[in-house]
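Q: Could you take me through one part of this structure slowly, as if I were new to reading models? I would like a close look at the place where two chains come together.

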Amino acid sequence: MASSIENNNEKLTLKSSDGEEFLVEKHVALQSTLLQNMLDSDCSSADVIPLPKIDARTLALVLGYCKKHADASSSKQGELNSFDSEFLKDMDMGALFNLVLAANFMEIKGLLDIAAQKIADTIKDKPHQEVREIFHVENDYTPEEEAAVREENRWAFEGFP
Amino acid sequence: MVKERKRACGRGGGGGGVVPRDLPHDLVAGEVLTRLPAKSLMRFKCVSKLWRSTISHPCFCKAHRARSRLSRRDGCGGLIMVFPETITDDDDNDLLVGVGFFYATLPSSQGPPVIDLLYQFRIGSPRTEEEEEGVSYMKDYQGYTRFINGLFCLYTADRVSICNFSTREIMDLPAPPTRPFQKCLHYLGFDSTTNEYKVLKVCSVKYCKDEEEEEGEKLYFDSKFDVLTLGKDMSWRSLRDAPAIDAWKLSACIDGRLYWWDPAGRELVHFSFNNERFGFTSRPPRTRRHVGAIYQFRGDLALLVGFVDQALALWVFESGLGQTIEDHGETRDVKAYAWCLRHIQVPYPIANRDLKFLANLPTGEVLMTGIEEAAANSNSNSPFPMPIYSYDHTSRKSEKFITGKNYPSSRRKHARKLQVFYYEEDITPLDHLITNK
């Protein structure tokens with residue numbers, strides 16, 4: 001989609017939940033299906049678009065991702081892949097959660113995919129107790145119930161506490 | 001620079017007072033959990049009741065399957081290699097004592113296939129200490145079917161269980177009719193038009209009318225067929241007017257049809273899992289009876305003749321012009337197929353040494369194996385007992401796919417029973433799969 005936009009210097013302003021404003025070129029914003037739909041309908045690009053669910057730090061990351069993907073031509077898939085893995089490399093769970101929320105809200109599929117995959121890869125080999133903490137899930141099993149579920153799936157617990 | 005900040009903002013590692021928020025459960029389920037391998041998911045059923053019910057929900061299972069197909073990520077699609085452990089009894093019959101399941105990832109940009117001995121079923125009396133070591137005892141099972149979508153059946157003469165390999169769930173099916181026949185085989189089939197799984201039980205007997213005669217014309221065969229549609233039939237249905245088949249030779253399932261040789265080796269008999277009818281296919285013209293062993297080759301019916309003039313000769317029933325198919329009085333929109341004789345260059349170490357086709361990869365390669373010459377791989381540390389080669393029909397090249405360790409010649413007979421299935425995880429609980437939701 002990015003490559004089809006020719007020489008378009010139109011810009012729009014996005015406003016984060018903590019009140020920070022970001023001036024974004026239109027072809028970069030079009031990485032987001034949400035923004036694309038807004039621009040396609042009656043929203044004027046002169047307006048400030050509020051993104052009340054996304055803080056400035058996350059929005060800056062999101063827009064960095066969008067710029068890279070909007071500017072790269074489709075032939076440079078390898079370069080984009082290495083950008084993607086570098087982009088997420090040292091990110092903590094909290095930042096990844098915020099990225100997933102933002103990418104989901106702004107409908108940026110590629111970003112949602114890589115951030116969610118990163119979370120999945122991180123938790124894949126963790127014990128369930130740790131996963132519970134990461135996602136702040138309350139354990140509503142009684143010890144007996146939990147032991148029963150564990151017994152049903154005993155093979156999956158080989159090597160786990 | 002595209003992004004212009006009107007005010008400075010604390011980008012970077014500082015956090016800037018931003019509180020990380022929790023992901024709502026639907027995002028966790030739909031975006032994160034669908035990307036996990038089955039083993040992690042089975043463990044994470046212990047996280048909470050909500051997680052457990054999510055992971056067992058058919059809609060979630062469907063989404064998980066769709067995503068694993070899309071991304072073909074590590075650990076979610078690969079090869080299941082089923083290697084029987086057999087012993088030979090006093091009458092020289094092979095007795096199945098266990099089944100080893102190996103799993104191999106597909107070769108990718110990240111490297112060659114990785115093999116793991118995943119699981120072993122032992123057949124016979126359970127001994128608790130050994131169960132602790134990850135070996136399950138499946139009392140009395142005599143055989144197993146091929147894999148379809150990670151499902152397979154374990155069976156005895158009077159009992160059939162279905163097992164989902166992705167979740168290790170196992171469930172008994174209604175008891176099949178017992179028949180006093182020599183050989184009882186079960187086949188798992190899938191009808192893609194109705195999305196129904198079916199199990200076919202074939203009981204066969206062969207006997208000589210005249211005790212003096214051995215093989216050949218004096219041999220009589222009889223087969224009884226019973227079928228069960230999973231999730232639909234409460235009991236097995238007996239199929240009438242079934243033709244005799246040779247259950248002692250290899251069969252293959254191609255596009256929802258099971259093929260056998262007829263007892264005389266004149267033509268091929270097939271059973272369609274869709275309409276439950278039988279049909280016949282003539283053998284290649286001007287060939288001798290039983291011209292080759294039945295295989296699936298790149299989605300087509302094939303007869304493996306053997307090693308002729310430095311190449312593997314193979315009759316392939318390919319779409320083209322010519323041969324007509326009799327389909328038991330039913331007019332079907334069948335493409336015109338014809339037998340074509342193909343020659344394949346196979347790797348020298350396994351050429352003409354019990355070579356067999358194993359499986360087709362989604363990328364189009366055909367996997368094959370054979371007994372490798374001991375010298376070729378005597379130093380191998382591979383956990384896997386057999387070498388596997390891949391064959392690319394387009395470039396006509398073979399490549400070593402998996403290195404096998406040196407397999408003792410005394411056990412070669414068992415080595416022939418290796419089966420390989422392409423496998424994608426499906427975590428749908430069995431009671432949903434077989435109630436056809």
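A: Here is a walk through the contact between chain A and chain B, followed by one helix and a few charged pairs.

Keep in mind from the start that this is a predicted model. Let's begin with the whole contact. On one side, 59 residues of chain A take part, and they touch 45 residues of chain B. Together the two chains bury about 4700 Å² between them, and carbon and sulfur atoms give 61% of that area. Polar links are there too: 13 residue pairs are in polar contact across the two chains, counting pairs with both residues at pLDDT 80 or more. If you want to find chain A's side of the contact on your screen, look for the elements that give two or more residues to it: the strands β1 (11-15) and β2 (21-25), and the helices α3 (56-71), α5 (93-106), α6 (109-123), α7 (128-134) and α8 (143-152). The residues on this side of chain A divide into 26 nonpolar, 11 polar and 22 charged.

Now zoom in on one of those helices, α5(A). This helix has 14 residues, and the distance from its first C-alpha to its last is 20 Å, close to the 20 Å expected at 1.5 Å a residue. α5(A) is mostly covered, with 12 of its 14 residues buried. Among these buried residues are Met93(A), Leu96(A), Phe97(A), Leu99(A), Val100(A) and Met106(A). What lies over them? The cover includes α2 (33-40), α3, α4 (77-88), α6 and α7 of chain A, and chain B joins in with its helix α1 (25-32). The two ends of the helix are worth a look as well. At the N-terminal end, Asp92(A) acts as a cap, with a side-chain oxygen 3.1 Å from the backbone nitrogen of Gly94(A). After α5(A) comes Glu107(A), which has a positive phi, near 55 degrees.

Next, the charges. Side chains of opposite charge can pair when their charged atoms come close. Over all chains, the structure holds 22 salt bridges, and three salt bridges are counted between chain A and chain B. In one salt bridge, Arg35(B) pairs with Asp113(A), and their closest N and O atoms are 2.9 Å apart. This pair crosses between chains: Arg35(B) sits in the loop between α1 and α2 (38-44) of chain B, while Asp113(A) belongs to helix α6 of chain A. Is Arg35(B) buried or exposed? Its relative accessibility is 6%, so Arg35(B) counts as buried.

Two other pairs, both in chain B, make useful companions. Arg65(B) and Asp426(B) form a salt bridge with their closest N and O atoms 3.7 Å apart. Here the partners are 361 residues apart and link distant parts of the chain, with Arg65(B) in helix α4 (residues 58-71) and Asp426(B) in the loop between β26 (419-424) and α7 (430-434) of chain B. Arg65(B) is buried because its relative accessible area is 14%, and Asp426(B) is buried at 6%. The other pair is Arg237(B) with Asp233(B), whose side chains meet at 2.8 Å, N to O. Arg237(B) is partly exposed, at 30% relative accessible area, whereas Asp233(B) counts as buried at 18%.

Finally, come back to the contact between the chains. Salt bridges that share partners join Lys109(A), Asp113(A), Glu31(B), Arg35(B) and Arg67(B) into one network.

Note on methods
Residues numbered from 1 in each chain as written. Chains lettered and ligands numbered in written order. Predicted model: local features only at pLDDT ≥ 70, side-chain atom pairs only at ≥ 80, totals over all residues. Heavy atoms only, no water. Contact = heavy atoms within 4.5 Å. Buried area = accessible area lost by both parts, 1.4 Å probe. Salt bridge = Lys/Arg side-chain N within 4 Å of Asp/Glu carboxyl O. Polar contact = N/O pair within 3.5 Å; in protein donor to acceptor, adjacent residues only side chain to side chain. Helix = DSSP H or I, 4+ residues; strand = E, 2+ residues; numbered from the N terminus. Nonpolar A, V, L, I, M, F, W, Y, C, P; charged D, E, K, R; others polar. Expected span 1.5 Å × (residues − 1). Buried < 20%, exposed > 50% of the residue type's maximum accessible area, 1.4 Å probe, protein only.
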